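Dear colleague,

I am passing on the structure we spoke of. Please find it below, followed by my notes.

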Amino acid sequence: MMRGRIVIDLFTTLDGVAQAPGGPEEDTSGGFPFGGWQAPFEDAVIGEDVGGGIRRMDALLLGRRTYDIFAGYWPHHTDGPEGFIGRHFDAIPKYVATRAGLEPAWAGTAVLTGSDAVVVAAVDALRDRHAEVHVIGSVDFVQTLLRARVYDELKLWMHPVVLGQGKKVFPDGAAPARLRLIAPAASGPTGTLLLRYAPDGDVTTGDMT
């Protein structure tokens, strides 16, 4: 039986920052002053791609911080322009990875907890239950998935802005890995680029001289 896919969706800057794209209070850890940096770049191309991904996913996987944000917002936004997102998130299973205890109030939520190895094994098992699991944001948790290479696609919407600080997709100390581009880059009218990668094994080196 063909296994499902785990897709990581991230909005990033040119210098790889993925912290708090959506709003000022989203993630202020480390004194981050640029929350909401994505807002000036919103365009229809991004919206269409994000909407398509939401419609395809049959499970949502989040880190604790992003889960708390989503759980506090989407169950209360099931009408209006964003209504299809809230309704879809309500309808599908949701998984949250957390090192702390959690009694989830958002219906349909399962908690994944334990050591990194235990959580990674639980995430990998989701491929046997779902066709397309999406990880949205959750940049801290994403580091665990990237390190373990427990993902099938890394989607980066890269925006033409440099912040110089904040949590990065690939911070110093990230696990070395090679990635493979799996689709031509797409672009939006605000200068954003969609880059889609799959894991491609270990880093190799050579001599260019």
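Aromatic residues

Phe89 has a relative accessible area of 2% and counts as buried. Please keep in mind that the model is a predicted one. Phe70 is buried as well, at 13% relative accessibility. The rings of Phe70 and Phe89 form a stacked aromatic pair, with 5.7 Å from centre to centre and 25° between the planes. Phe70 belongs to helix H2 (residues 64-73) and Phe89 to helix H3 (residues 83-91), so the pair ties together parts that lie 19 residues apart in sequence. Both residues belong to one aromatic cluster, formed by Phe70, Tyr73, Trp74 and Phe89.

The count of aromatic pairs comes to 5. Another of them is made by Phe32 and Phe34: the ring centres are 6.0 Å apart and the planes stand at 75°, so this pair is edge-to-face. The cut-off behind that term is an angle of over 60 degrees between the planes. Are Phe32 and Phe34 buried or partly exposed? Phe32 is buried, with a relative accessible area of 6%, whereas Phe34 is partly exposed, at 34%.

Overall fold

The protein contains 5 helices and 9 strands. Their order along the sequence is β-α-β-α-α-β-β-α-β-α-β-β-β-β. The radius of gyration is 17 Å, close to the 17 Å that the globule rule gives for 209 residues, so the protein is as compact as a globular protein of that length. Along the principal axes, the C-alpha atoms fill a box of roughly 60 × 40 × 35 Å.

Of the 209 residues, 44% count as buried. If one takes the contacts between residues at least 6 apart in sequence, 71% of these join residues at least 24 apart. The exposed area of the protein is about 10700 Å², and carbon and sulfur atoms supply 56% of this area. As for charge, there are 19 positive and 26 negative side chains, and the centres of the two sets are 4 Å apart.

Backbone points to check

Which residues other than glycine have a positive phi? Ala20 and Ser138 are two to look at. In Ala20, phi is near 50°. Ala20 sits in the loop between strand E1 (5-13) and helix H1 (44-56). With a relative accessible area of 3%, Ala20 is buried.

Ser138 is not a glycine either, and its phi is positive at about 55°. Its place is the loop between strand E5 (132-136) and helix H5 (139-148). Ser138 counts as buried, at 6% relative accessibility.

The segment after strand E9

Gly201 is found in the segment that follows strand E9 (193-199). Gly201 has a relative accessible area of 30% and is partly exposed. What does Gly201 touch, not counting residues up to four places away in sequence? The residues in question are Arg149, Ala177 and Arg178. Between Gly201 and Leu60 there are 26 Å in space, C-alpha to C-alpha, and the two are 141 residues apart in sequence.

Regards

Key. Residues are numbered from 1 along each chain as its sequence is written. This is a predicted model: local features need pLDDT of at least 70, side-chain atom pairs count only at pLDDT 80 or more; totals for chains, interfaces and linings use all residues. Side-chain values use heavy atoms; hydrogens and water are left out. Helices (H or I, at least four residues) and strands (E, at least two) are DSSP runs, numbered from the N terminus. The radius of gyration is taken over C-alpha atoms; the globule rule is 2.2 Å times the number of residues to the power 0.38. Buried means under 20% relative accessible area, exposed over 50%, partly exposed in between (1.4 Å probe, protein chains only). Contact means heavy atoms within 4.5 Å. Accessible areas come from the Shrake-Rupley method with a 1.4 Å probe; for residues, only the protein chains shown count as cover. Lys and Arg count as positive and Asp and Glu as negative; His and the chain ends are not counted. The place of a charge is taken as NZ of Lys, CZ of Arg, CG of Asp or CD of Glu. Rings of Phe, Tyr and Trp (its six-membered ring) pair if their centres lie within 6.5 Å; planes under 30 degrees apart count as stacked, over 60 as edge-to-face and the rest as tilted.
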